[in-house]
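Biologist: Please show me the model. I want to ask what stands behind the terms used for it.

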Amino acid sequence: MPGRIGILTGGGDCPGLNAVIRAVARRSLDRAYEVVGVREGWRGMVDGLFQPLDYRTISGLLPRGGTIIGTSRTNPFKTEGAVGRVLEAAESERFTALVAIGGEDTLGVAARLHGEHAFPVVGVPKTIDNDLSGTDYTFGFDTAVSVATEAIDRLHTTAESHNRVMVVEVMGRHTGWIAVMSGLAGGADAILIPEQPITVEAACEELRRRHERGKDFSIVVVSEGYELTYESGGKRTVTQEAGTDQFGHVRLGGVGEALARDIEERTGYETRVTVLGHVQRGGSPTPRDRVLATRFGLKAADLVHEGRFGRMAALHGDAVVDVSLEEATRELKTVPPEWYDTARAFFG
Ligand code: F6P
């Protein structure tokens, strides 16, 4: 028996997680490893929640959304004694390696465990937000963009029929990847993202310009992390509640409603808002995400087999490569100005 591998999924659920689990498990079982699912992310390592994964359990997973082993936003570095329990669990479960599938938070924990405790871990980059450094794309992003684009296409119907401005709020946390890509694909007339905070007045001006050209409806895409920015220099972040999670994140959401009120007040155009929320994370992954997740999963299994811990599977161009976990979690990958400029060519 070459060893025993634990697999965990942490952070928000994401289309393609099950496809990664299937690929890691399939390749590792074929190599005669034992494979164990760690339930509910890092919480499973802290509280000892495990589930064996065999050929039968991983059958039918490729198109399935969510994660069959559950997830959580548990940060063992935030609870007294929890890191010790993670290390003990790895011992008692006889894990020779752990595959952590997650975004900056889950993989940040993996990087620290590896750096501070020589923990045998490899990472797989997951997030609909696409904000993880070290990889061109994360799996889940393509599905989120497809859902948002379809929503924008559908909202055009009402916008056009009622001569309205339709504001669409998309996820993405502190980066505007989903907003820019879905806005570009859906033909948005203005896109507001955290990285390029154009003012509310400037966005209204784009809409007026468009109406003057005879188009009496508009689509505005706003990223949940956009800070309402005004010509006066004033700024306002809209959040759902005070306080943060164990990784220090506020719960975003609601900026669309505030922006819609501002637009209606300033332009006089009838405005409605749609918040896409978790719909963007739900359901079956797109073919592109299924393929990416599968390639990442196989790479992670290979990294484990080669004993190359502290690494993360990554996409560079069309090639699946590996990068250091520490490097990948050092800073967020924001939307480059060129991408925003491309979208901007169609504003107004
Ligand atoms: O990171 C993925 C994400 O969907 C973000 O886009 C969003 O801000 C956050 O998770 C929502 O988290 P929760 O599911 O905990 O509400």
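Modeller: What follows is a set of questions on the ligand site and the sheets.

Modeller: This is a predicted model, where local features need pLDDT of at least 70, side-chain atom pairs count only at pLDDT 80 or more, and totals for chains, interfaces and linings use all residues. Residues are numbered from 1 along each chain as its sequence is written, and side-chain values use heavy atoms, with hydrogens and water left out.

Biologist: Which residues are around the ligand?

Modeller: R73, I128, D129, M171, G172, R173, E224, H278 and R281. A residue counts as near if one of its heavy atoms lies within 4 Å of the molecule.

Biologist: What makes the pair between D129 and the ligand a polar contact?

Modeller: The cut-off is a pair of N or O atoms within 3.5 Å; within protein, one must be able to donate a hydrogen and the other to accept it, and residues adjacent in sequence count only if both atoms are side-chain atoms. A polar side-chain atom of D129 lies 2.7 Å from a ligand oxygen, so the pair meets the cut-off. For H278, an N or O atom of the side chain is 2.9 Å from an oxygen atom of the ligand. For R281, the distance from a polar side-chain atom to a ligand oxygen is 2.8 Å. The protein covers 81% of the 400 Å² of accessible area that the ligand has on its own (Shrake-Rupley method, 1.4 Å probe; for residues, only the protein chains shown count as cover).

Biologist: Why are β12 and β13 called paired strands?

Modeller: Pairing takes at least two bridges found by DSSP. Strand β12 (residues 311-316) and β13 have six, in the antiparallel sense, so they pair. One bridge sets L315 opposite V320 in β13. Strands here are DSSP runs (E, at least two residues), numbered from the N terminus.

Biologist: What makes β3 and β13 edge strands?

Modeller: The open sheet runs β3-β2-β1-β4-β5-β12-β13, with mixed pairing. β3 (50-53) and β13 (319-324) each have a single partner strand, so one side of each is left without a neighbour in the sheet.

Biologist: How do you know that β6 and β11 pair?

Modeller: Five bridges join β6 (residues 165-170) to β11, and the two run parallel. Five against a threshold of at least two: therefore they pair. M166 stands opposite R272 in β11. Both strands belong to an open, parallel sheet of four, in the order β7-β8-β6-β11. Its edge strands are β7 (190-192) and β11 (271-275), each pairing on one side only.
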